[in-house]
Amino acid sequence: MKYLYHCNQNKSFIITIFLVLTSSIFLFGQSNNDYSIKGVQPSKKKIIRMAEKNYEKGNFNDALGLYEFVADQDTTDIAVLFRAATIAEELNAVTEAVKYYQIAARHGKRSMYPMLDYLLAKHLRTLGKYDEAIASLERFILEGAGADQVTNEQIEKARQEKYEVASAKASLNTPKFLFEVKRMDYSINTDYFSEFAPFKKDGKFYYTRLYYASDADTTDLSKAKFGVYINDKEKSGLNSTLKEDEQHSNASFSADGNYMYDTKCEYIASQKRYRCKIYRSEKDALGNWGNRTLLPSSINALGFNTTHPNIITDKNNKDVLYFASDRSGGFGSMDIWKSEVTRNLDGTFTYSEPVNLGANINTLEDDITPFYHVKCETLYFSTKGKPSLGGFDIYSARWNGYDWETPESLGYPVNSSFDDMYFFRDEAGVEA
């Protein structure tokens, strides 16, 4: 999580955003293991079989560690190098993916994998190595044009991405705002876990932490735990008003402070990702959160991922829930949706049928982490479907009373070559 200063309409304010920077040191298998049995090291073929069995069982980190071991021992086997790179890519271990793609790209049999340079360029872009990414894309365009496995559409996409990478590089020299980006201190951030989804309410700073119960679990993403933490300047730690045995993440609070919307996520091993559902909790007289209720199936569509709730009260005094979901009827994978919320006299809630925010906001790629600022009538969100410096970039779009205006990137230095998400700005528009 990081914060920064800049001016908007002659006002200075702070923006709090989350920068996803995955560290493979703590999340993924490493290649410096000793696979010997009673002093006798297994053969290369046996280690590869062990790796594939682990992969088939869903032990992806172990599979990567085994392939890394073999690849580091024998850099002449392009099949092993490519397999190590693709598993690292699946686990979002960017540095490892680049390492093995680069070695494979220098191999004499590189033509066996015609998409190699394209895949390498994608990860070089994530690391902010724009010149190297452009060079890889140029090789792909040149060599891929004559490969049977490469389509004209893929070549055209590479040309478009080359243009975007060049634009991203140029934007570093022409920042959209003049300010310095700073990492928040250790009262919030840690070196070993991930902190994200900030929300400030009534002088208290809430955020989510992805953590592990023990060091032994850190190589298995399925054992990750999520908790909503709180920092109120006097103390910082897990929000004690929530049950510790439950998964809580992505908290958002109603304007009156009486209701909290958050998510509970379940790891889907076959998809190597989490699937989430949105819940609503109510604050009691003592300030504790209870009566946690799963939102109806009209919001949590069965079999789909529903996450990143943002509850607001608009200028017409209507409660509106924004959220991200890959439910049917969207434009791409994850889209941003909204539902009007009615608080009934009997204490129940009614949610209108969700409405997709439309083609001005949503793209064929993932569009996530919506945050609607009521005073500015502006939606902030992260997307992979628009030009970016790399990965997810943060965009904003104003509501003109009847439609969303064309979204604009917040640009550098808010956005970076990594994934930038979870934009937040307070009600007054002074702090965010």
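Here are legends for a handful of close-up views of this structure, which is a predicted model.

**View A. Four strands, E8 to E11, line up in an open sheet.** Going across the sheet, the order is E8-E9-E10-E11, and the pairing is antiparallel. Strands of a sheet pair through backbone hydrogen bonds, and that pairing can be parallel or antiparallel. Look to the edges for E8 (residues 249-253) and E11 (residues 289-294): each has a single partner strand, so one side of each goes without a neighbour in the sheet. Neighbouring strands here aren't lined up exactly; on average they are turned by 30° against each other, ignoring direction.

**View B. Zooming in on where E10 meets the edge strand E11.** Strand E10 covers residues 273-283, and four bridges join it to E11. The two strands run antiparallel. If you want a spot to get your bearings, try Glu282: its bridge partner in E11 is Gly290.

**View C. The one disulfide in the structure, Cys265 to Cys276.** A disulfide is a covalent bond between the sulfur atoms of two cysteines. In this one, the S to S distance is 2.0 Å. The torsion about the S-S bond of Cys265 and Cys276 comes out at about 100°, so the disulfide is right-handed. Cys265 sits in strand E9 (residues 259-268) and Cys276 in strand E10, with the two cysteines eleven residues apart. Both Cys265 and Cys276 are buried.

**View D. Cys376, another buried cysteine.** Its relative accessibility is 17%, and since the cut-off for buried is under 20%, Cys376 counts as buried.

**View E. Thr86 in helix H4.** Helix H4 takes in residues 78-90, with Thr86 among them. Is Thr86 buried or exposed? Thr86 has 16% relative accessibility, so it counts as buried. Its side chain isn't without a polar partner: it reaches the backbone oxygen of Arg83 at 3.0 Å.

**View F. Helices H6 and H7 crossing.** Two packed helices are described by the angle between their axes and by the distance between those axes. Here, H6 is made up of residues 116-126 and H7 of residues 130-144. Their axes come within 8 Å and cross at roughly 165°. Angles over 145 degrees count as roughly antiparallel, and H6 and H7 are therefore roughly antiparallel to each other. As for handedness, H6 passes H7 in a left-handed crossing.

Technical notes: Residues numbered from 1 in each chain as written. Predicted model: local features only at pLDDT ≥ 70, side-chain atom pairs only at ≥ 80, totals over all residues. Heavy atoms only, no water. Pairing = 2+ DSSP bridges. Axes fitted to C-alpha atoms, helices over the stretch in contact; angles between N-to-C directions. Buried < 20%, exposed > 50% of the residue type's maximum accessible area, 1.4 Å probe, protein only. Polar contact = N/O pair within 3.5 Å; in protein donor to acceptor, adjacent residues only side chain to side chain. Disulfide = S-S within 2.5 Å. Parallel < 35°, antiparallel > 145°, perpendicular 65-115°, else oblique. Left-handed = near helix turned anticlockwise from the far one by under 90°.
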